[in-house]
Amino acid sequence: MWLFCRSGFFSAVQHFENAEVIHVRARFEGDLERLCETHGVTADVKETPGNDYRFRMDFDRETWARIVSEEAEAIDYTNFKNAVHDGTVRDRAYMDCWAAMSSGQYRSSK
């Protein structure tokens with residue numbers, strides 16, 4: 001699952017050794033900490049510079065489900081791009097992703 005929200009961009013997958021754990025990765029420093037602070041979770045972020053996602057941490061499934069639910073409940077904007085636009089590197093990455101998905105809808109028949 002990819003989650004794009006005000007806290008950042010996250011990739012969440014089942015942990016490869018423990019099916020009860022969700023392994024969440026982030027590309028930008030501070031995103032996981034901000035997500036945890038927003039949702040009252042203690043952050044235990046590991047930095048893995050050699051991996052495709054530089055920052056990562058684990059959540060039990062219940063906590064991750066609560067975080068995702070709270071993110072959905074917190075939506076108070078009518079335009080996500082405007083809500084996250086802040087001129088940072090993450091902002092440019094969000095816009096690049098939006099542009100790729102926008103152009104993709106015209107190239108696909110399904």
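Here is a short walk through helix H2 and a histidine in a loop of this predicted model.

Let's start with the helix itself. H2 runs over residues 61–73, and its 13 residues should span 18 Å at 1.5 Å a residue. The C-alpha atoms at its two ends are 18 Å apart, which agrees with that expectation.

Now look at which side chains are tucked away. Thr63, Trp64, Ile67 and Glu71 of H2 are buried. Viewed down the helix axis, the buried residues of H2 fall within an arc of 100°, so they line one face of the helix. The spacing fits a familiar rule: an α-helix has 3.6 residues a turn, so residues three or four places apart point the same way.

What do the buried residues of H2 pack against? Their partners are helix H1 (31–38) together with four strands: S1 (2–5), S2 (8–14), S3 (21–26) and S5 (55–60). On the face of H2 turned away from its buried side, you will find the exposed residues Glu62 and Glu73. Glu62 also appears in a contact at the start of the helix, where a side-chain oxygen of Asp60 comes to within 3.2 Å of the backbone nitrogen of Glu62.

From here, let's move to the loop between S2 and S3, where His15 is found. Is His15 buried or exposed? With a relative accessible area of 13%, His15 is buried, because that value lies under the 20% cut-off. Its side chain reaches the backbone nitrogen of Glu17 at 2.9 Å. Leaving aside residues up to four places away in sequence, His15 touches Val21, His23 and Asp58.

Note on methods: Residues numbered from 1 in each chain as written. Predicted model: local features only at pLDDT ≥ 70, side-chain atom pairs only at ≥ 80, totals over all residues. Heavy atoms only, no water. Expected span 1.5 Å × (residues − 1). Buried < 20%, exposed > 50% of the residue type's maximum accessible area, 1.4 Å probe, protein only. Arc of directions from axis to C-beta. Contact = heavy atoms within 4.5 Å. Polar contact = N/O pair within 3.5 Å; in protein donor to acceptor, adjacent residues only side chain to side chain.
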